[in-house]
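Trainee: Please take one strand of this model and look at it closely, then work outward to what surrounds it. I would like one connected account.

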Amino acid sequence: MKFCMISSFFGSQSFGGDSVYIERLARALLRKGHEVHVVHSPGAFESVRGRTPYRKYQADEGLTVHELNQGKRGILDAVWSHQTCLSGRLRRKFSDLFRENHFDVIHFHNISLLGAADLLQLARNLSRSRARIIITIHDYWWICPQSLYWKYGRRVCDSRACIRCSLRRRVPPQLWRLKDWFNKVLSQADLLLFPSCSALDIHRSQGLDHPGIRVLPGILPEDWVDGGQGVRRLGNYPYGEKPYLAAAGRLVREKGFQTLIPLMKNVPDLNLVIAGDGPMRKELTQLSRGLDNCFLSGLISSREVKNLFQGARAVLVPSLFPETFGLVAAEAIALNVPVIARRSGSLPELIEASSGGVLYENEEDLLAVIRRLGGEQDCRDEEKFAKSPLPDSWVEGSHVKRYLGIIDECFSPREIRMMP
């Protein structure tokens, strides 16, 4: 089959998360012999990048990547899309793309800065009903202008106040967001995929109504899973000779890293290593001054993250907002490394599905768990956090099999042109 993946951000010009999912899904489909195209806008990334560095990324052999908008014009197009939900000058480029390529599946991901209302209608009209239109709901953008379901930058959203919330976050409000607007736009899609039941429940609580919905979690490469079996690097400590806790992600307030650093003064025999970059890096650096057991590694490669996790006593996931999947937690669990995660969003689903860690309610609970880890040298092995096999749908081979199976379930085989 011929797939088209469309996202605002991808590859080196992305923040991780949804882009990592596209990279891994595209790679898995290529290995199955399918043709895969990825479409993204460098201008969209530049419009919100700030000082975030580019990620390390090299396209897989056989992957066709279309970069539609670059430079200042691309930034202006992203701003237009943000304020109107329309694609503007991108409309012609997408029209040409859909006409020139006979895609079997058009799979939308994060299209917040591409003009969602236009794109779905274009895909429906120009594919002449032959292509199947899928959307993976990676975040909360469809029901939240901030994409995080995080009100006023302080708490999980409990009631609609989108304009006030946007103004407090210093983001231009989106006046086109009328109640249930998303149901009209999403009606152009044949299928919606959610990475967790938690994310689906939150969207339904905000009025989502669509006949074609499936839950399909994130994807882990085969080598992450294989690499975690029996591998122990507990004697190889970065940043000194102490055992350490690891955390990773974009350095933004919603991820909760600022809640971890003050606790480390209570456990001087443990180090904390936080991998990632983002707008809070300077604040986190200042917060860690005077503590010789807190380190910020900056942005590191996927391989380096894997090595960091494998040597950690545990991986901390302190997210304050409701994660839609929790990729960091899943990656640690796949490596047989215990996860200590806040009881929020999809994280309880991941922990309960794998028995791969513990949940905490507040920082007092977290400190108690950290102290226990710091006092038991062989805690990670003896407690055997990961007692259950990983869910099949997490792992690349089974995930893409399930993905293709969902397509077969939802669409008649006669309606999909198979590649020779």
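Mentor: The model is a predicted one, and the part to start from is strand S8, residues 191-194. Both of its faces are covered. Leu191 and Leu193 lie on one side, Leu192 and Phe194 lie on the other, and all four are buried.

The neighbours in the sheet come next. S8 pairs with strand S5, residues 132-136, in the parallel sense, over three bridges. Within that pairing, Leu192 of S8 is the bridge partner of Ile135. S8 also pairs with strand S9, residues 213-215, and this pairing is likewise parallel with three bridges. Here Phe194 has Val215 in S9 as its bridge partner. Leu192 and Phe194, which share one side of S8, thus appear in bridges to two strands: Leu192 with Ile135, and Phe194 with Val215.

The connection from S8 to S9 can be described as well. Helix H8, residues 197-205, joins with the two strands in a β-α-β unit, and the unit is right-handed.

The burial of S8 leads on to the core. The largest nonpolar core has 42 residues, and those that touch the most other members are Ile6, Phe94, Phe98, Phe108, Ile135 and Trp142. Two or more residues of this core come from each of strand S1 (2-6), helix H4 (90-100), strand S4 (105-108), helix H5 (116-126), S5, H7, S8 and H8. The largest share is that of H5, with five residues. Ile135 therefore has two roles in this account, as a bridge partner of Leu192 and as one of the core residues with the most contacts to other members.

H4 and H5, both contributors to the core, are also connected by charge. Arg91 and Asp118 form a salt bridge between their side chains, at 3.2 Å from N to O. Because Arg91 belongs to helix H4 and Asp118 to helix H5, the pair ties together parts 27 residues apart in sequence. Arg91 is partly exposed, at a relative accessible area of 38%, whereas Asp118 is buried at 13%.

That pair is one of 20 salt bridges found in a search of the whole structure. Another joins Arg55 and Glu23, whose closest N and O atoms are 2.9 Å apart. Arg55 sits in the loop between helix H2 (42-49) and strand S3 (64-67), and Glu23 in helix H1 (residues 18-31), so that distant parts of the chain, 32 residues apart, are linked. In this pair both residues are buried. Arg281 and Asp277 make a further salt bridge, with 3.4 Å between the closest N and O atoms. Arg281 is partly exposed, with a relative accessible area of 30%, and Asp277 is buried, with 15%. Lys151, Arg155 and Asp158 are linked in a network of salt bridges.

Not every nonpolar side chain is covered as those of S8 are. Ile163, Leu167 and Leu175 make a nonpolar surface patch of about 320 Å². Leu175 lies in the loop between helix H6 (162-168) and helix H7 (181-186). Leu175 counts as exposed because its relative accessibility is 64%, and the cut-off for exposed is over 50%. H7, at one end of that loop, is among the elements that give two or more residues to the largest nonpolar core.

Note on methods
Residues numbered from 1 in each chain as written. Predicted model: local features only at pLDDT ≥ 70, side-chain atom pairs only at ≥ 80, totals over all residues. Heavy atoms only, no water. Patch = residues over 30% accessible without salt bridge, like charges linked within 9 Å, V, L, I, M, F, W, Y side chains within 5 Å. Areas by Shrake-Rupley, 256 points an atom, 1.4 Å probe, with all protein chains shown as cover. Salt bridge = Lys/Arg side-chain N within 4 Å of Asp/Glu carboxyl O. Buried < 20%, exposed > 50% of the residue type's maximum accessible area, 1.4 Å probe, protein only. Pairing = 2+ DSSP bridges. Right-handed = clockwise from strand over helix to strand, strands pointing away. Core = buried A, V, L, I, M, F, W, Y, C linked by side-chain atoms within 4.5 Å.
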